[in-house]
Amino acid sequence: MADRKEKTFRFVIVGGGIAGVTCVEQLSSQIPSADVALITAGPHIKAVTNYKQVSKTLEEFDVEERPTSVLEEKFPNLTVIHSPVKSVHTQSHSVETTDGRVFGYEKLCICSGGRPKLLTYDNPYVLGIRDTDSAQDLQKQLSKAKRIVVVGNGGIALELVYEVEGCEVIWAVKDKAIGNTFFDAGAAQFLIPSLAVDKPERDAPCRRPRYTTEKPEPGASQTFTADKNARRLGSGPTEAGSALGPDWHEGIVLRGAEQVSRRVSLEYQCEVEKIFTSAELLNSPQQTLKPENEGSWPVYIQLTNGKTFGCDFVVSATGVVPNTEPFLHGNNFALADDGGLQVDDHMMTSEPDVYAAGDMCTACWEHSALWQQMRLWTQARQMGWYAGRCMAAHVLSEPIELDFCFELFSHITKFFNYKVVLLGKFNGQGLGPDQELLVRCTKGQEYVKVVLSGGRMVGAVLIGETDLEETFENLILNQMDLTPYRDELLNPNIDIEDYFD
């Protein structure tokens, strides 16, 4: 293998998503003279644009698709190689692409992202949404659809259910509440009326209510119907496998064939038992559907709560698994329980001179008490940036410390048209019984939740325009004892920013 190397680069990065591109940018600006190669399957890369540092750890940015030539023009020492990777040989420090070419590396960073966990891989009626191509495929299929079933409870499922119009949506979630990756049942209850979209009347904020949420019974359903003008949604073509941008639905019209604006039925605490065609249904002994429904839908989905629904197609939005496949054979990478390549606090894998960043790696250093890994845009950018810094530091024999962005988990996003800010252990992750929750909620306007542990703030969820993110970030980072102030903390009549200046 070694003697077949077409060229050896100082740095090779695999993957044209946010992590890989950020890593390339970081390396090329730190060591402009170094030969860098980016190996990517498609003609486009994902670039971070409009980057804004909102506070110490919070950042906002857009993700745009750009032709790879944009990067090559910016960095004269960068070579972009357009091909999927067939294999990596860590012994001989080489990468082989599917078109048979072999490239050597001094340092390699693998940023191959994640691939969608599909309910099933061979059913034309099951669509996975992961990249822009699949989002456009969805748009095409949707234009003829009267009813779809969405399975999943992550970011893409939440956005999809909110954006789809003119088509009935059955939404199957395995949890007791929507969006449990991002927030708790209280926040879910705050967001749910948005599905019915009637403008909620503004209530006065309730002062520090005790925390109660009515949990739906296992197998319970809720239905929301709304009528409003169509919103425009859109995006350009992409390479396979590169994840959607945070605003993936901007500009794509997600419109079905029906006149109704939005009708969403929620099925809680259930998963998919079985997916079958109308022909299979007619021949099945456990025929549970009303006779008038027989054969009228192309596909049927049976849920574990015993209900069966006919629909035009099923959308599988159940998250991603690390895309490690082509890199494992013949190497000794240590894998984490979630299937990601284990990386240490310098983003190094267990194989010498091989780094990894983004969705395909798992952070296996001892985490700060206020940080956790989530496979999100922000972390892909942070990891790619930090991996680039580490690779450069190692080549230049400079010391490097774990970056401050890994001190405190922080994420800004948008759900159901509300700004959502998540800080620290926002869902009380790993805290056990030693936690207290303070909540302030104004219907249709804002939802504020603070997680305290031992009298100190360790996490927060902010939905709406609360303007509390910087103050709360500081209170979490400085770990001040808030016991004397806990009754005032969420008092809407107190300007908390001035309070802690």
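**View 1. Arg 101 sits partly exposed, at a relative accessible area of 31%.** This is a predicted model, as are the close-ups that follow. The partner to look for here is Glu 6, which makes a salt bridge with Arg 101, with 2.9 Å between the closest N and O atoms. Glu 6 belongs to the segment before β1 (7–14), while Arg 101 is in the loop between β7 (94–97) and β8 (102–110), so this pair ties together parts of the chain 95 residues apart in sequence. Glu 6 is partly exposed too, with a relative accessible area of 46%. If you go looking for others, the whole structure has 20 salt bridges.

**View 2. Lys 7 and Asp 35 join their side chains in a salt bridge.** The N-to-O distance for this pair is 3.7 Å. Lys 7 is in strand β1 and Asp 35 is in the loop between α1 (18–30) and β2 (36–40), so the bridge ties together parts 28 residues apart in sequence. Both ends are partly exposed: Lys 7 has a relative accessible area of 36%, and Asp 35 has 30%.

**View 3. Glu 168 meets Arg 263 across two strands.** Their side chains form a salt bridge at 3.6 Å, N to O. Glu 168 is in strand β12 (residues 168–172) and Arg 263 is in strand β15 (residues 262–267), which puts the two 95 residues apart along the chain. Buried or partly exposed: which is each of these two? Glu 168 counts as buried, because its relative accessibility is 16% and the cut-off for buried is under 20%. Arg 263, at 33%, is partly exposed. Elsewhere, Arg 4, Lys 86 and Glu 96 are joined into one network by salt bridges that share partners.

**View 4. Trp 171 is among the residues with the most contacts inside the largest nonpolar core.** That core has 108 residues, and Ile 13 and Met 347 are the other two picked out for their contacts inside it. Helix α8 (residues 377–395) supplies the largest share of the core, 10 residues. A second core, separate from this one, has 24 residues, including Val 421, Val 451, Ala 460 and Ile 496. Back at Trp 171, and skipping neighbours within four places in sequence, the contacts include Val 150, Gly 152, Asn 153, Ala 157, Leu 158 and Val 161. Also touching Trp 171 are Ile 178, Leu 195, Val 264, Ser 265, Leu 266 and Glu 267.

**View 5. Ser 316 is tucked away in buried surroundings, at a relative accessible area of 1%.** You'll find Ser 316 in strand β19 (residues 313–316). A polar atom of the Ser 316 side chain lies 3.3 Å from the backbone nitrogen of Leu 119. Leaving out neighbours within four places in sequence, Ser 316 is in contact with Lys 117, Leu 118, Leu 119, Val 126, Leu 127, Gly 128, Ile 129 and Val 151.

**View 6. Cys 311 is a buried cysteine, with a relative accessible area of 0%.** A disulfide is a covalent bond between the sulfur atoms of two cysteines. Why does Cys 311 have no such bond? The closest cysteine sulfur, in Cys 167, is 9.2 Å from that of Cys 311, so the two are too far apart for a bond; the cut-off is within 2.5 Å. Searching the whole structure turns up 0 disulfides. Cys 270 also counts as buried, at 3% relative accessibility.

Technical notes. Residues numbered from 1 in each chain as written. Predicted model: local features only at pLDDT ≥ 70, side-chain atom pairs only at ≥ 80, totals over all residues. Heavy atoms only, no water. Core = buried A, V, L, I, M, F, W, Y, C linked by side-chain atoms within 4.5 Å. Buried < 20%, exposed > 50% of the residue type's maximum accessible area, 1.4 Å probe, protein only. Helix = DSSP H or I, 4+ residues; strand = E, 2+ residues; numbered from the N terminus. Contact = heavy atoms within 4.5 Å. Salt bridge = Lys/Arg side-chain N within 4 Å of Asp/Glu carboxyl O. Polar contact = N/O pair within 3.5 Å; in protein donor to acceptor, adjacent residues only side chain to side chain.
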